[in-house]
Amino acid sequence: MTTDGLDGVVAADTVLSEVDGGNGRLIIRGYSLDALAGATTFEALAELLFSGFFNDVPDAEGMVGALGEARRAVFGEVSALDDRLNALSPFDAVRALIARFPDGDDLATALRLLAAPAVFTAAVVRARRGEAPVPPNPTLTHSADILAMMGGRTAAAHAAALDTYLVTVSDHGLNASTFAARVVASTRAGLTSAVLAGLCALKGPLHGGAPGPVIEMLNEIGTTENARPWLEAALAHGDRLMGFGHRIYRVRDPRADALKRAVRTLIAGSNSIPGRLEFAESVEAAALAVLREHKPNRSLETNVEFYTALLLEALGFPPEAFTCVFAMGRTAGWLAHAREQVAGGRLIRPQSRYVGPSPKKAA
């Protein structure tokens with residue numbers, strides 16, 4: 001007996017997170033997402049995920065300095081960003097730079113890998129604009145320094161919004177990228193290899209590569225009046241509406257609500273994109289109505305990508321770098337899962353069923 005996409009197959013026991021798709025709940029190490037998003041810093045979240053899996057994990061305050069020093073160490077590798085890497089997509093360039101790191105299993109390796117997507121994304125984005133990289137400031141929080149290295153929004157409200165995002169996407173059960181990271185970790189290859197496996201899986205448009213196309217969709221729709229005709233035409237052509245539907249959630253993705261609150265708070269104190277949230281809400285409402293009419297037998301609700309796109313746009317990240325920002329948060333989960341797999345798991349080696357032709361007899 002086989003299952004489509006391993007649906008319903010339990011491949012690991014974990015203390016890290018639980019996704020309750022039927023009730024729309026996400027629990028991370030005993031805390032609901034509602035209790036974490038908007039109330040917890042990324043450093044505190046990293047401490048929560050790493051505790052018990054690495055020796056001498058610093059507390060949240062100590063993590064600020066430890067992660068800051070890791071960013072400074074990683075910045076020494078930015079000099080490898082040459083014309084050939086700059087010709088790649090931001091995600092491919094960041095992945096190539098991370099691949100330069102040696103494997104290891106200790107906390108220093110983990111912190112370096114946690115810092116790397118932030119440092120390299122900022123450097124790559126600036127290089128594509130013809131600008132020099134901004135060195136990290138190890139005294140800042142991770143989110144504040146990411147924005148400073150980008151050379152953009154540096155108000156406390158912006159850092160708080162980015163914290164909310166990074167915490168919200170830090171871990172999410174045995175998703176495709178986390179499973180890939182655990183499979184590689186189970187071979188004892190090391191943390192860098194596990195993170196690279198996660199990155200490769202995250203890139204796909206059915207996983208972390210989706211938020212960018214949400215902005216493309218909103219820009220193509222253009223006006224509230226055009227939302228329903230555009231969405232109906234997209235469905236008629238067999239296109240997927242980006243930002244809607246999820247493999248696990250049968251109800252609204254709780255991460256969408258957490259990020260929507262963050263977008264509302266951020267935009268309330270800024271006039272940088274007037275009317276953008278209201279327009280997006282009108283598109284969301286139209287999309288949900290159209291999906292219920294055209295696909296009444298499927299539960300297709302708003303997912304994390306829809307308001308991810310709005311939040312990252314408001315923070316000044318270009319759409320082509322959205323998946324890199326996703327990796328900044330999810331790397332924390334990959335690292336914790338990799339260590340959990342090594343601590344208590346065997347080599348992951350499922351079976352396959354051969355359905356090809358029977359062996360042919362020799363002539």
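Helices (H or I, at least four residues) and strands (E, at least two) are DSSP runs, numbered from the N terminus. The structure is a predicted model, in which local features need pLDDT of at least 70 and side-chain atom pairs count only at pLDDT 80 or more, while totals for chains, interfaces and linings use all residues. Residues are numbered from 1 along each chain as its sequence is written, and side-chain values use heavy atoms, with hydrogens and water left out.

**Exercise 1. Positive phi outside glycine**

Task: Where does Arg188 lie, and what is the sign of its phi?

Solution: Begin with the place, which is the loop between helix H9 (176-186) and helix H10 (191-202). Next take the backbone angle: Arg188 is not a glycine, and yet its phi is positive, at about 65 degrees. Finally consider the surface, for which buried means under 20% relative accessible area, exposed over 50%, and partly exposed in between (1.4 Å probe, protein chains only). Arg188 has 47% relative accessibility, and therefore counts as partly exposed.

**Exercise 2. Following the strands**

Task: Which strands does S2 pair with, if two strands pair when DSSP finds at least two bridges between them?

Solution: Start with strand S1 (residues 17-20), which runs antiparallel to S2 and is joined to S2 by 4 bridges. Within this pair, Glu18 has Ile27 of S2 as its bridge partner. The hairpin of S1 and S2 has 4 residues between the strands, and there Gly24 takes a positive phi near 65 degrees.

Then move on to S3, which is joined to S2 by 2 bridges, again with the two strands antiparallel. Here Ile28 is bridged to Tyr31 of S3. The hairpin of S2 and S3 has 2 residues between the strands, and the loop between strand S2 (25-28) and strand S3 (31-32) holds Arg29. Although Arg29 is not a glycine, its phi is positive, at about 45 degrees. Because its relative accessibility is 22%, Arg29 counts as partly exposed.

**Exercise 3. Phe101 and its surroundings**

Task: How many aromatic pairs does a search of the whole structure find, and what is the angle between the ring planes of Phe101 and Phe120?

Solution: The rule comes before the count: rings of Phe, Tyr and Trp (its six-membered ring) pair if their centres lie within 6.5 Å, and planes under 30 degrees apart count as stacked, over 60 as edge-to-face and the rest as tilted. The search finds 4 aromatic pairs. For Phe101 and Phe120, the ring centres are 5.9 Å apart and the planes stand at 40 degrees, so this pair is tilted. Phe101 belongs to the loop between helix H5 (90-98) and helix H6 (107-128), whereas Phe120 belongs to helix H6, so the pair ties together parts that are 19 residues apart in sequence.

The next step is to check burial: Phe101 counts as buried, with 7% relative accessibility, and Phe120 is buried with a relative accessible area of 0%. Last, look over the ring of Phe101, where the charged end of Arg112 sits 5.5 Å from the ring centre (NZ of Lys or CZ of Arg must be within 6 Å of the centre and within 35 degrees of the ring normal).

**Exercise 4. A buried threonine in H6**

Task: Which side chain makes a polar contact with the side chain of Thr109?

Solution: Thr109 is placed in helix H6, and at 5% relative accessibility the residue counts as buried. A polar contact is a pair of N or O atoms within 3.5 Å; within protein, one must be able to donate a hydrogen and the other to accept it, and residues adjacent in sequence count only if both atoms are side-chain atoms. The partner is the side chain of Asp106, at 2.6 Å. For contact in general, meaning heavy atoms within 4.5 Å, Thr109 touches Gly104, Leu191 and Thr192 once its neighbours within four places in sequence are left aside.

**Exercise 5. Burial along H11**

Task: Which residues of helix H11 (residues 211-221) are buried, and what covers them?

Solution: The buried residues of H11 are Pro211, Gly212, Val214, Ile215, Met217, Leu218 and Ile221. Their cover includes helix H12 (224-236), helix H14 (276-294), helix H15 (304-314) and helix H16 (322-344). After H11 comes Gly222, whose phi is positive, near 80 degrees.

Terms used:
Two strands pair if DSSP finds at least two bridges between them.
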